[in-house]
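Colleague: Please take me closely through one part of this model, namely the way its strands are paired. I would also like to hear about the ring contacts that go with that part.

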Amino acid sequence: MIEHIDRNLARRRAHRVAGAFLTWLALGCLVLDFLAPSPSSAEGVRLFDGVSLYSVSVRGGFSGHSPIGKIELEDFQQYDVLAMARLPWEWYSESGWGVGTRWGLSAGAVRAAGDTAFITTFFPGFSFGKKDGRFSLDAGGGFALLSQHRYGTQDLGGAFQFTWNIALRAQVYGPIGLGYFFQHLSDATMYGDNGRGVDQHLFELIYRF
């Protein structure tokens, strides 16, 4: 009973932290649009024809009360490195606002119930905002691979998982930025009806090329 109460309190604190971060990040976006210097490059580091390395970031965060699907049975933490590539398909107006395409690849660790496992995600997506990358709203979806799918009382179903995410990102000074990443992970009943997904609130420190 005490453990259940402590877990609920931890989740409420997590929601308050995430909500406060989003509020301040949104307000910061308005200020940064006028005050922050421009990023070092709008094109990134060219990888091959039409594709460039756009940003690299480190992320860390935790699960909360799931707004999607079944409620998590365990508390999860995730830490990883994310690389974002810029794809050639984009549509921007003369004012600089529009949408671009991205591809993300991450690798790191996920931890719950005393167990730590490797996790990698791979996803295409869209980036809505200003072409100079000063701030954006990103959305995408793809898949994840985990080295372990059972954590205490929670079974994710299998090593292969589907994922989708939405992120709010902003430059804070030159090439340095901050972001909030909401990530949903689940098997979409691929392994049956008993699997439970995980929703992670990830906070991001970004370096833009």
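Modeller: In this predicted model, strand β1 (residues 45-48) and strand β2 (residues 51-63) run antiparallel and are joined by three bridges, with Val-45 standing opposite Leu-53 in β2. Two residues lie between the strands of this hairpin, where Gly-50 takes a positive phi near 85°.

From β2 the pairing can be followed to strand β11, since β2 and β11 pair in the antiparallel sense over nine bridges, and the bridge partner of Val-58 in β11 is Leu-205. Strand β10 (residues 176-186) also pairs with β11, again in the antiparallel sense, over 10 bridges, one position of this pairing being Ile-176, which stands opposite Tyr-207 in β11. Strand β11 (residues 198-208) has nine of its 11 residues buried, so it is largely enclosed by the rest of the structure. Tyr-207, by contrast, is partly exposed, because its relative accessible area of 39% falls between the limits of 20% for buried and 50% for exposed. When reading such values along a strand, it helps to recall that in a regular strand the side chains alternate between the two faces of the sheet.

A second run of pairings involves strand β5 (residues 115-130) and strand β6 (residues 135-146), which pair in the antiparallel sense over nine bridges. The hairpin of β5 and β6 has four residues between the strands, and there Gly-133 takes a positive phi near 75°. In β6, Ala-139 is the bridge partner of Phe-126, and Ala-139 also stands opposite Ile-166 in β9. That second contact belongs to the pairing of β6 with strand β9 (residues 160-173), in which the two strands run antiparallel and are joined by 11 bridges.

Turning to the rings, the count of aromatic pairs comes to 12. One of them is formed by Phe-76 and Tyr-151, an edge-to-face pair at 5.3 Å centre to centre with 70° between the planes. This pair links distant parts of the chain, for Phe-76 is in strand β3 (residues 76-92) and Tyr-151 is in strand β7 (residues 150-151), 75 residues apart. Both partners are under the 20% cut-off and therefore count as buried, Phe-76 with a relative accessible area of 1% and Tyr-151 at 0%. The rings of Tyr-207 and Phe-209 likewise form an edge-to-face pair, because their planes stand at 80°, with the centres 5.2 Å apart. Here the surroundings read otherwise: Tyr-207 is partly exposed, at 39%, and Phe-209, at 23% relative accessibility, counts as partly exposed as well. Ring pairs also link Trp-103, Phe-122, Phe-143, Phe-160 and Phe-162 into a cluster.

Finally, there are charges placed over rings. The charged end of Arg-59 sits over the ring of Phe-181, 4.5 Å from its centre, while Arg-102 lies over the face of Tyr-54, at 4.3 Å from the ring centre.

How values were computed. Residues are numbered from 1 along each chain as its sequence is written. Side-chain values use heavy atoms; hydrogens and water are left out. Two strands pair if DSSP finds at least two bridges between them. Rings of Phe, Tyr and Trp (its six-membered ring) pair if their centres lie within 6.5 Å; planes under 30 degrees apart count as stacked, over 60 as edge-to-face and the rest as tilted. Buried means under 20% relative accessible area, exposed over 50%, partly exposed in between (1.4 Å probe, protein chains only). A charge sits over a ring if NZ of Lys or CZ of Arg is within 6 Å of the ring centre and within 35 degrees of the ring normal.
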